[in-house]
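Hello,

Here is the structure I promised to send over. Have a look at it first, and then read on for what I found in it.

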Amino acid sequence: MNKVSFNSKLIGERIYLKKHELSLAETMFNYVDKDRARLAKFLPWVEFTQTVEDEVNYIKHTHNMWDSRELFDYGVYRLS
């Protein structure tokens, strides 16, 4: 059985999706932390993201899930 591979980056007209990178863990955490109250109304994982290390662990988890073909989680970025 052949494994399907997925692009780590998908580019649209105004945005692109990119596989999470460990180098962005602190930035990702800071965005969550700055907007915690609003995000928590809609996203159940906010309460479990209390430190940069939590974000690092999440990214490592998504990489493992990506490798096992169980989850393909992307960050959303605006094209400049």
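**A buried loop, a helix face and a small sheet**

V46 is buried, with a relative accessible area of 1%. This comes from a predicted model, so please read everything below in that light. V46 sits in the loop between α2 and α3. What does V46 touch, once its neighbours within four places in sequence are left aside? The contacts are V32, R36, L39 and A40. V32 is 14 residues away from V46 in sequence, and their C-alpha atoms are 7.3 Å apart in space.

The loop between α2 (36-40) and α3 also holds T49. T49 is buried too, because its relative accessible area is 9% and the cut-off for buried is under 20%. With neighbours within four places in sequence again set aside, T49 is in contact with F29, V32, R36, D54 and E55. V32 and R36 are thus among the contacts of V46 and also among those of T49.

**The wider layout**

Stepping back, the protein chain has three helices and three strands, and from the N terminus the elements run β-β-α-α-α-β. Its C-alpha atoms fill a box of roughly 45 × 30 × 25 Å along the principal axes. Of the 80 residues, 24% count as buried. If you take the contacts between residues at least 6 apart in sequence, 62% of them join residues at least 24 apart.

**Helix α3**

Helix α3 covers residues 52-67, 16 residues in total. At 1.5 Å a residue it should span 22 Å, and its end C-alpha atoms are 23 Å apart, which agrees. Which residues of α3 are buried? They are E55, V56, I59, T62 and W66. Seen down the axis of α3, these buried residues fall within an arc of 125°, so they line one face of the helix. On the other side of α3, N64 and D67 are exposed.

The buried residues of α3 pack against three elements: β2 (15-19), α1 (25-34) and β3 (74-78). After the helix comes R69, which has a positive phi, near 65°.

**How α1 meets α3**

The packing of α1 on α3 has an angle of about 120°, and the two axes are 8 Å apart. The crossing of α1 past α3 is right-handed. From α1, the residues involved are A25, E26, M28, F29 and V32, and they meet V52, E55, V56 and I59 of α3. You will recognise F29, V32 and E55 from the contacts of T49.

**The sheet**

The three strands form an open sheet in the order β1-β2-β3, with antiparallel pairing. β1 (9-11) and β3 are the edge strands, each pairing on one side only. From one strand to the next, the twist averages 20°. How many bridges join β1 to β2? There are three, and the two strands run antiparallel. L10 is found opposite L17 of β2.

If you open the model, I would start at V46 in the loop between α2 and α3, and then turn to the face of α3 that its buried residues line.

Best wishes

How values were computed:
Residues numbered from 1 in each chain as written. Predicted model: local features only at pLDDT ≥ 70, side-chain atom pairs only at ≥ 80, totals over all residues. Heavy atoms only, no water. Helix = DSSP H or I, 4+ residues; strand = E, 2+ residues; numbered from the N terminus. Expected span 1.5 Å × (residues − 1). Buried < 20%, exposed > 50% of the residue type's maximum accessible area, 1.4 Å probe, protein only. Arc of directions from axis to C-beta. Contact = heavy atoms within 4.5 Å. Pairing = 2+ DSSP bridges. Axes fitted to C-alpha atoms, helices over the stretch in contact; angles between N-to-C directions. Left-handed = near helix turned anticlockwise from the far one by under 90°.
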